[in-house]
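Let's take a walk through this structure together, from one helix outward to the rest of the chain. Keep the model open beside you as you read.

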Amino acid sequence: QVRERRPQGLPFPSTLPTARCLSRGTLAAGMSNKVHNLFKGIAEHFTPVLRESQLAERGVVTPDEFVGAGDQLSFRCPSWKWESGDPSCARDYLPREKQFLISRGVPCRERCRNLAGVEEELVEGDDASGWLCTTSRRQDMDPDEFVDISVEPGSADEAAQGLHDLRFSDSVNPAGGESAEDDIPDMDEFNDDNNLVEEDTGTFTAAAPAGASDTNIVRTRTYDVSITYDKYYQTPRFWLFGYSETGQPLSPEQIFEDISWDHARKTVTIESHPHMQGLSFASIHPCRHRDVMQRLIANTMDNGGEFRVEDYMFLFLKFISSIVPTIEYDNTMSAGS
């Protein structure tokens, strides 16, 4: 059982026990949460805003880098939009009209327990506990099975010339045959009688049941997912608000059905959204985001790749997708990006 927390909108500091105690539902856990909230509220108040980039060194981003990465996400994935939120909750270190990102109506067609084949990978962090990434197993295609669609040298020019000849050649073919126009049938030769299409008695036509015009519509759960900037941890933070197949808000227990089991027990809590008063969201705690992002960025660079701050949000969402594998938000980059 998970107890709903008081709306503080702040993460757990890494120096204190993590959120894994929330799933135990004990009185001690409830008291611990209150202590955490009080400590973090004071700590964030005195935490200065990060101004200098420490992306590669620590995996964190400044507010300006957060906005820049969010601009790239909303540009390449139009389902993501900037929102200003409640004016009374605005953070002065972010642009007024770009307080957080949100994507509404994201489908979630199945529960995590229904995934066939689960892989677990431990991503090491600064401490020994690591981070457990749970992802669905996918079959990789053998590179030898790919079809070669490469273009032979000179064939592109030949194809272009052939297309030009086809379009602009003389109407009489070079072999002395008839004009191409002679091959075009005269529409005047067709009348209503020989233009009829006979009814095929073997064709099956299914009649829609009475009063069930939308029976072919598959109704699914949907989520409003949002990303805020966490000043204390200096990383993005992911939030979830779910709706049932009939449009009713999901309970915390129902939301946990769409989160990988291990993460739901350790790193997900129910809190007040920092930019929406009166609404409680499920939130993935950012206490380990810095370590994981630093490791992923380092892996990218070690493999010879170039990592830009504009790509930070895409990598972040790829990481989050291991925690909510059935929530199908858009995190794909356009071709050639």
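A good place to begin is helix H3, whose buried residues are covered by parts that include strands E1, E2, E5 and E6 and helix H8 (312-320). Before going further, please keep in mind that this is a predicted model. H3 itself has 14 residues, and from first C-alpha to last it reaches 20 Å, close to the 20 Å expected at 1.5 Å a residue. Which residues of H3 are buried? They are Pro 63, Glu 65, Phe 66, Val 67, Ala 69, Gly 70, Leu 73, Ser 74 and Arg 76. As a reminder when you look down a helix, an α-helix has 3.6 residues a turn, so residues three or four places apart point the same way.

H3 (residues 63-76) also carries Asp 71, and this residue makes a salt bridge with Lys 98, with 2.9 Å between the closest N and O atoms. Because Lys 98 lies in the loop between strand E1 (81-83) and E2, while Asp 71 belongs to H3, the pair ties together parts that are 27 residues apart in sequence. Is Asp 71 buried or partly exposed? Its relative accessibility is 27%, so Asp 71 counts as partly exposed.

Now move to the strands, starting with E5, which spans residues 221-230. E5 is mostly covered, with nine of its 10 residues buried. On one pairing, E5 joins strand E2 (residues 100-108) in the antiparallel sense over six bridges. Within that pairing, Arg 221 in E5 is the bridge partner of Cys 108. E5 also runs antiparallel to strand E6 (residues 235-243), and nine bridges join the two. Here you can find Tyr 223 standing opposite Gly 242 in E6. Four residues lie between the strands in the hairpin of E5 and E6, where Gln 234 takes a positive phi near 60 degrees.

The charged pairs are worth a look next. How many salt bridges does the structure hold? There are 12. One of them links Arg 237 with Asp 230, whose closest N and O atoms are 3.9 Å apart. Both partners are covered: Arg 237 has a relative accessibility of 1% and counts as buried, and Asp 230, at 5%, counts as buried as well. Another salt bridge is formed by Arg 308 and Asp 311, with their closest N and O atoms 3.4 Å apart. In this pair Arg 308 is partly exposed, at 34% relative accessibility, whereas Asp 311 is buried, with a relative accessible area of 12%. Salt bridges that share partners also join Arg 111, Arg 221, Glu 257 and Asp 258 into one network. You have already met Arg 221 as the partner of Cys 108.

From charges, turn to a nonpolar part of the surface. Leu 38, Ile 42 and Phe 46 make a nonpolar surface patch of about 370 Å². Ile 42 sits in helix H1, which covers residues 27-46. With a relative accessibility of 48%, Ile 42 counts as partly exposed, because the exposed class requires over 50%.

Helix H7 (residues 289-302) is another one to follow by eye. H7 has 14 residues and reaches 20 Å between its first and last C-alpha, close to the 20 Å expected at 1.5 Å a residue. Its buried residues are His 289, Asp 291, Val 292, Met 293 and Ile 297. Just after H7 you come to Gly 304, which takes a positive phi of about 90 degrees.

One more stop is Ser 272, found in strand E7 (residues 268-272). Ser 272 is buried, at 12% relative accessible area. How far apart in space are Ser 272 and Trp 239? From C-alpha to C-alpha they are 9.9 Å apart, although 33 residues separate them in sequence.

Finally, step back to view the chain as a whole. Eight helices and eight strands make up its list of elements. Of its 337 residues, 38% are buried. Among contacts with a separation of 6 or more, 64% are between residues 24 or more positions apart. The chain exposes about 20500 Å², and carbon and sulfur atoms supply 51% of that area.

Technical notes: Residues numbered from 1 in each chain as written. Predicted model: local features only at pLDDT ≥ 70, side-chain atom pairs only at ≥ 80, totals over all residues. Heavy atoms only, no water. Buried < 20%, exposed > 50% of the residue type's maximum accessible area, 1.4 Å probe, protein only. Pairing = 2+ DSSP bridges. Salt bridge = Lys/Arg side-chain N within 4 Å of Asp/Glu carboxyl O. Expected span 1.5 Å × (residues − 1). Contact = heavy atoms within 4.5 Å. Patch = residues over 30% accessible without salt bridge, like charges linked within 9 Å, V, L, I, M, F, W, Y side chains within 5 Å. Areas by Shrake-Rupley, 256 points an atom, 1.4 Å probe, with all protein chains shown as cover.
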